[in-house]
Amino acid sequence: MTTWNLQGTQCHLLICNGSSCKKHRGKEVAEAIEKEIEKQDAGSFFHTTMTACNGRCSDACVVIAYPEGVWYRGITPKLGKVLVRKALKGKRLKENMVYKFDKELKASSERGMRGKKKR
Ligand code: FES
């Protein structure tokens, strides 16, 4: 068990490792992200959490970045590394964005409008 002092964290990456994302290399994505964070010596900038299903299985592998509230789809290990480098520069992986939080989640692409309607 670990208890981190998370003060100063600027980006929290939630890396989905539910069953669909695992099938789409979710564990490798998490490892690639962790390696890139280490390579960039950015451990105090990022915090990462592997999660259960985030409810967007057709977008596997899903990675969510807070505080921006950006949901990314189709993240591969290679894209995970790019995501880390972009986040350090305050940039986003625009091509893979599905949602962005702006008081509520709003679709960033047509893909974000697909799926079952929640009640
Ligand atoms: S398993 Fe990742 S969104 Fe469902």
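This is a short walk through the sheet, the helix packing, the nonpolar core and one buried loop residue of a predicted model.

I'll start with the sheet. It is open, has six strands and mixed pairing, and its order is S2-S1-S3-S4-S5-S6. Which strands stand at the edges? Those are S2, residues 46-51, and S6. Each of the two has a single partner strand, so one side of each is left without a neighbour in the sheet. On average, neighbouring strands are turned by 20 degrees against each other, direction ignored.

Now the pairs, beginning at the S2 end. S1 and S2 are parallel, with six bridges between them. If you want a position to click on, Leu13 stands opposite Thr48 in S2. On to S1 and S3: these run antiparallel and are joined by four bridges. Here Leu14 is the residue to pick, standing opposite Ile64 in S3. As a general point, side chains in a regular strand alternate between the two faces of the sheet.

Further along, S4 and S5 are antiparallel over three bridges. Two positions to look at: Val70 is opposite Lys100 in S5, and Tyr72 is opposite Met97 in S5. Please keep Tyr72 in mind.

The last pair is S5 with S6, residues 105-107, again antiparallel and joined by three bridges. Phe101 has Leu105 of S6 as its bridge partner. The hairpin of S5 and S6 has three residues between the strands, and in it Lys103 takes a positive phi near 70 degrees.

Next, the helices. H2 lies across S1, S2 and S3, and runs at about 155 degrees to S1. H2, residues 26-39, also packs against H3, residues 77-88. What is the angle between H2 and H3? About 35 degrees, with the axes 8 Å apart. The crossing of H2 past H3 is right-handed. On the H2 side the contact is made by Glu28, Val29, Ala32, Ile33, Glu36 and Ile37, and on the H3 side by Pro77, Gly80, Lys81, Val84 and Arg85. By class, that contact divides into six nonpolar residues, four charged and one polar.

That leads to the core. In soluble globular proteins, nonpolar side chains tend to be buried together. In this model the largest nonpolar core has 27 residues. Those with the most contacts inside it are Val29, Ile33, Cys61, Val62, Val63, Tyr72 and Leu83. Val29 and Ile33 we have just met in the contact of H2 with H3. Which elements give two or more residues to the core? They are S1, H2, S3, S4, H3 and S5. H2 gives the largest share, five residues. As for Leu83, leaving out residues up to four places away in sequence, it touches Val63, Tyr72, Ile75 and Leu93.

Finally, one residue in a loop. Asn96 is found between H3 and S5, which covers 97-101. Is Asn96 buried or exposed? Asn96 counts as buried because it has 22 C-beta neighbours inside 10 Å, and the cut-off for buried is 20 or more. With residues up to four places away in sequence again left out, Asn96 touches Tyr72, Arg73, Gly74, Ile75 and Leu79. So Tyr72 comes back here, and Tyr72 is also on the list of contacts for Leu83. For a sense of distance, Asn96 and Thr9 are 87 residues apart in sequence and 23 Å apart in space, C-alpha to C-alpha.

How values were computed: Residues are numbered from 1 along each chain as its sequence is written. This is a predicted model: local features need pLDDT of at least 70, side-chain atom pairs count only at pLDDT 80 or more; totals for chains, interfaces and linings use all residues. Axes are lines fitted to C-alpha atoms, for helices over the stretch in contact, and angles run from 0 to 180 degrees between N-to-C directions. A crossing is left-handed if the near helix is turned anticlockwise from the far one by less than a right angle, and right-handed if clockwise. Two residues are in contact if their C-beta atoms, placed from the backbone, lie within 7 Å. Ala, Val, Leu, Ile, Met, Phe, Trp, Tyr, Cys and Pro count as nonpolar, Asp, Glu, Lys and Arg as charged, and the others, Gly among them, as polar. A residue is buried if 20 or more other C-beta atoms lie within 10 Å of its own, exposed if 12 or fewer, and partly exposed in between; C-beta atoms are placed from the backbone. A nonpolar core is a set of buried Ala, Val, Leu, Ile, Met, Phe, Trp, Tyr and Cys residues joined through C-beta atoms within 7 Å. Two strands pair if DSSP finds at least two bridges between them.
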